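Reader: I am new to this structure and would like to learn how to read its features one at a time. Could you take me through them slowly?

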Amino acid sequence: MKNRISEVLTKFADRCDYLEVHIEDTEESRVGFTGNRISELGRRVDFGGNVRALYKGGWGFASFNSLDRIDEFAGHAVDQARIVGHGTSQLAPVEPVIADVALDVKNDPRDVSLADKVAMMRAYNEQVLGFHDEIITSSLLYFDRYRRFWFGSSEGAMVYQERVDIGGRVTPVASRGEGSQSYSASFGGSNDFNVARGNEAGVEEACRVALGKLDAPKVKAGEYAVVVDPRLGGVFIHEAFGHLSEGDNVYENKNLREVMVLGRKFGKPFLNVHDTGLDKGYRGYLVYDDEGVPTEKTYLIREGELVGRLHSRETAGKMGERPTGSARLIDYRHPPVPRMRNTVIENGDSTFDDMIAGIDLGIYAISASGGQTNGEMFTFTAADAYMIRNGKLAEQVRDVMLTGNVFTTLDSIDAIGNDLACHDGGGGCGKAGQFPLPVTHGSPHVRIQNVVIGGE
Amino acid sequence: MKKIIERALARGVERAEVFFYENLETDVEYEAGALKSLSDTEEKGAALRLVKDGKLGFATTTRLEDIDGLVDNALATAAEGEPVTFEFSEAAELPTPSITDERVKALTVDEMMKHSEDAIARVLDYEKQVNTDSATARRMQRIGVATCRGFEAEFERTAYEFYVGGLLIEGTSMLHTGAGYSGTEFGADHAGLAARTIDDIKRGRTNVDISPGKTTVVLTPRAVADIFLTLNLGVNGLYVDEGISPLAGKLGETILDERITLRDDGIRSGGYFSAAFDDEGVPMQETTVFEGGVLKSYLTDRRTAAKLHHAPTGNGLKAKRLIMSKELGKTPSPEITNWVMDGGEKPHDELMSEIGSGVLVDSIMGIIMANLAAGDFSGNLMYALKIENGKTVGRVKDAMISGNVYELFRDSVVAISKEVERTGILGGIGSHWYPYIVLRDVSIAAKG
């Protein structure tokens with residue numbers, strides 16, 4: 001495969017400023033249950049590649065399944081780049097990497113039989129359906145992917161990587177006939193099948209929360225002090241700040257570059273945020289990104305100030321900053337763009353009890369069913385929530401969706417806990433039509449003042 | 001396709017069904033007003049469902065030269081599979097909706113670039129500070145299904161997609177606007193979409209405060225499409241079968257305001273999701289879902305149809321969420337096609353003029369995270385305008401809308417516009433036809 005890639009690079013490189021070839025071979029198994037039946041049980045083979053060419057600042061891109069016609073696609077990508085390019089190619093310089101990254105896993109999901117994976121998920125499903133009469137159905141999914149990537153560039157990089165991605169969730173659905181409530185226990189990782197095992201306690205908690213929500217009133221709309229748990233804190237920082245830190249959202253926009261200037265103050269001095277590809281075992285773990293750049297730990301916020309961004313080689317080159325190993329693609333059908341890996345709010349020194357003790361009327365928001373941002377404003381939804389009254393946890397409430405504004409909400413964080421925890425779910429991040437990309441989040445408990453919450 | 005069926009049958013399986021998919025796509029992208037990239041995608045793949053010893057197996061591949069590997073994988077899953085409860089499709093008479101357009105096939109990259117450049121120029125002519133993006137895509141697809149029971153057919157489909165949008169930053173206030181078109185035919189009004197983008201910037205450039213509480217809301221067709229994600233799930237055969245949908249067991253009952261009639265129209269001319277048959281070979285059709293507020297039908301695939309004793313409605317799709325691309329690795333399940341709602345009596349202008357105070361809601365962020373299956377929706381007002389004395393007076397920000405569709409659209413509908421406009425879902429693609437809808441007493445949360 002490497003020879004084939006080298007041949008293509010040699011043949012077409014002199015017609016453009018930069019050329020790269022990405023080939024990918026994926027094998028996936030999926031097991032899903034819905035109610036008392038297997039709703040999904042399949043194996044997927046996905047083999048394909050792409051060629052990306054840069055000429056005078058313009059990109060041409062071709063993706064394909066037929067490797068035997070790669071020369072045709074490469075020629076096409078170069079022709080397209082030559083139509084687009086009328087400026088200057090600006091890729092931040094990197095040392096071309098030649099490397100083989102073999103799989104380094106504790107327990108390879110491919111060593112576990114499909115029968116055992118089905119049995120494992122069936123056991124979770126039976127636990128859910130047998131928990132209580134008011135759990136009317138369930139939704140479960142397990143997947144594992146074994147992926148091989150070949151990457152070569154006209155600058156001499158040649159990187160072969162093997163990766164494993166494992167994820168899943170167990171979702172009990174509770175109902176008394178009018179509307180249903182659910183809550184998920186989820187798991188994920190990149191080096192150990194056993195993350196999928198031993199989740200019975202989480203599944204039991206999911207059942208209890210889903211049932212509890214049947215009796216919980218909808219939250220009253222308003223502005224509240226909110227304490228978020230580590231899972232929701234992770235989604236919060238991903239949406240509230242992570243996306244705005246991605247270089248491609250900033251580099252071509254003069255006004256946004258002025259707003260997002262390094263050194264701008266976003267939060268209080270105890271707010272520190274980083275994004276890292278170095279944490280082994282997490283879904284956001286990477287050795288090299290999809291431009292063959294070594295991954296790293298990148299500080300985004302230090303002591304409340306913007307200090308860094310997530311870059312591809314192009315966005316770094318155009319902004320005169322350093323590439324960070326953040327260029328990622330979901331599969332060969334797409335070009336790599338700056339994405340998050342494991343985004344983390346670092347520990348502060350508050351305790352959970354201190355945080356809620358200072359709140360007369362507020363909300364304790366736990367775990368997330370997702371989040372979204374448009375750059376300035378963001379929303380995220382708590383999968384479970386409780387009122388805080390007079391400094392104490394009170395009744396459960398439901399349908400808690402929070403919204404904030406990056407220019408005010410981060411500065412409204414007035415306490416950060418000392419109990420950082422990172423979490424991998426079975427979902428992923430979506431951007432520019434590329435979903436779901438494996439990412440991880442981490443956070444301690446965090447208190448945020450004046451958060452607007454929708455509701456009755 | 002026939003060959004795959006034969007290979008599977010030769011391995012002793014009782015039943016087999018093959019889905020074949022080919023997509024040729026060209027994408028032109030402009031960023032910050034300038035041409036950024038040209039991309040081509042050529043993808044093809046096959047999915048195999050088979051039944052062995054009464055159990056269902058499933059596998060997919062994009063390595064079409066390795067058919068034995070595909071059959072092996074499907075057999076391996078069948079060994080652990082679920083007893084099958086439905087039949088694969090038999091030969092049937094198929095509709096012939098208009099889903100290919102020679103103008104789309106003949107489009108050149110130069111023409112695609114020209115449409116984006118012209119739209120960008122219009123936006124910049126209004127305000128050069130707007131960071132303007134545009135994208136144009138052309139797809140040509142071939143989709144086929146064959147079964148051991150004699151169904152064997154394929155169809156061709158084209159699609160044209162166009163988007164123009166802008167980001168205007170004033171201080172730290174960001175205003176995103178944009179408008180798009182997607183359909184199987186070359187039907188985009190490029191200048192009109194640019195005009196819409198400009199008009200949205202003009203009307204939303206000033207920020208105004210809003211007091212929280214219950215207020216009258218005018219939903220644009222785009223907002224209706226997002227909020228009706230609740231109804232899309234409510235009539236989904238899978239959600240009905242599992243008892244998750246509040247509409248389970250309610251066929252024939254009045255659910256919504258009597259002025260609401262909704263159809264899922266899989267054979268609408270030019271509709272983005274229109275096709276001859278679904279991804280398991282069931283003819284696509286027009287299905288009346290609600291008529292005069294009464295629930296008339298669910299949307300089903302073959303499995304849920306058998307389970308619910310309901311006719312299959314041709315909604316068994318391997319949809320990649322909200323776009324026309326196929327997620328090969330997904331088995332067919334009930335998904336919407338093109339939704340069409342009947343218009344009301346009064347023109348939109350007249351409805352607006354009758355509103356003393358309220359909010360025009362166009363774009364809602366985060367709605368996908370709400371408990372949509374229960375009918376609950378909630379989200380940030382990404383683009384919404386305050387209305388005073390029948391006129392919009394500025395943009396409302398940092399506020400949220402929430403409600404339950406089965407309550408609001410039964411009890412709180414004030415009026416429905418005569419105009420019905422084509423729109424996508426979640427600010428993206430798709431083709432649904434919805435009117436403007438005025439609701440009273442909708443909860444809006446905001447600071448203060």
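Reader: How far apart are the mean positions of the positive and negative charges of chain A?

Author: Please keep in mind throughout that this is a predicted model. One takes the mean position of each kind of charge and asks how far apart the two means lie; in chain A, the 50 positive and the 65 negative charges have mean positions that are 2 Å apart.

Reader: How should I read the overall build of chain A, and what secondary structure does chain A contain?

Author: A good start is to list the elements and then to look at the dimensions. Chain A has nine helices and 25 strands. Its radius of gyration is 23 Å, close to the 23 Å that the globule rule gives for 456 residues, so chain A is as compact as a globular protein of that length. Along the principal axes, the C-alpha atoms of chain A fill a box of roughly 70 × 55 × 35 Å.

Reader: What share of the residues of chain A is buried, and how much area does the chain expose?

Author: Burial is read from the relative accessible area, with buried meaning under 20%. By that reading, 64% of the 456 residues of chain A count as buried, while the chain exposes about 15,600 Å², of which carbon and sulfur atoms supply 47%. Contacts add to this picture: among those in chain A with a separation of 6 or more, 74% are between residues 24 or more positions apart.

Reader: How many salt bridges does a search of the whole structure find?

Author: Over all chains, the search finds 80 salt bridges. For each pair one can ask how far apart the atoms are, where the partners sit and how accessible they are. In chain A, the side chains of D100(A) and K2(A) meet in a salt bridge with an N to O distance of 2.7 Å. This pair links distant parts of the chain, since D100(A) belongs to strand β4 (residues 98–101) and K2(A) to helix α1 (residues 2–12), 98 residues apart. D100(A) counts as exposed because its relative accessible area is 53%, whereas K2(A), at 31% relative accessibility, counts as partly exposed.

Reader: Where do the partners D118(B) and R122(B) lie?

Author: Both lie in helix α4 (residues 109–126) of chain B, four residues apart, which is about one turn of the helix. Their salt bridge has its closest N and O atoms 3.2 Å apart. D118(B) is partly exposed at 31% relative accessibility, and R122(B) is partly exposed as well, with a relative accessible area of 39%.

Reader: Are D241(B) and R303(B) buried or exposed?

Author: D241(B) and R303(B) are both buried. They form a salt bridge whose closest N and O atoms are 3.7 Å apart. This pair also links distant parts of its chain, with D241(B) in helix α8 (residues 237–241) and R303(B) in helix α9 (residues 302–308) of chain B, 62 residues apart.

Reader: Which residues are linked in a network of salt bridges?

Author: A network arises when salt bridges link up, and here the linked residues include E28(A), R30(A), E40(A), R44(A) and D46(A), together with E43(B) from the other chain letter.

Reader: Finally, which residues does E154(B) touch, leaving aside those up to four places away in sequence?

Author: For a single residue, one reads its place, its exposure and its neighbours. E154(B) lies in strand β5 (residues 152–170) of chain B and is partly exposed, with a relative accessible area of 44%. It touches R142(B), I143(B), G144(B) and F277(B). The C-alpha atoms of E154(B) and R142(B), which are 12 residues apart along the chain, are separated by 6.9 Å.

Definitions and conventions. Residues numbered from 1 in each chain as written. Chains lettered and ligands numbered in written order. Heavy atoms only, no water. Salt bridge = Lys/Arg side-chain N within 4 Å of Asp/Glu carboxyl O. Helix = DSSP H or I, 4+ residues; strand = E, 2+ residues; numbered from the N terminus. Buried < 20%, exposed > 50% of the residue type's maximum accessible area, 1.4 Å probe, protein only. Rg over C-alpha atoms; globule rule 2.2 N^0.38 Å. Contact = heavy atoms within 4.5 Å. Areas by Shrake-Rupley, 256 points an atom, 1.4 Å probe, with all protein chains shown as cover. Lys, Arg positive; Asp, Glu negative; His and termini not counted. Charge placed at Lys NZ, Arg CZ, Asp CG, Glu CD.
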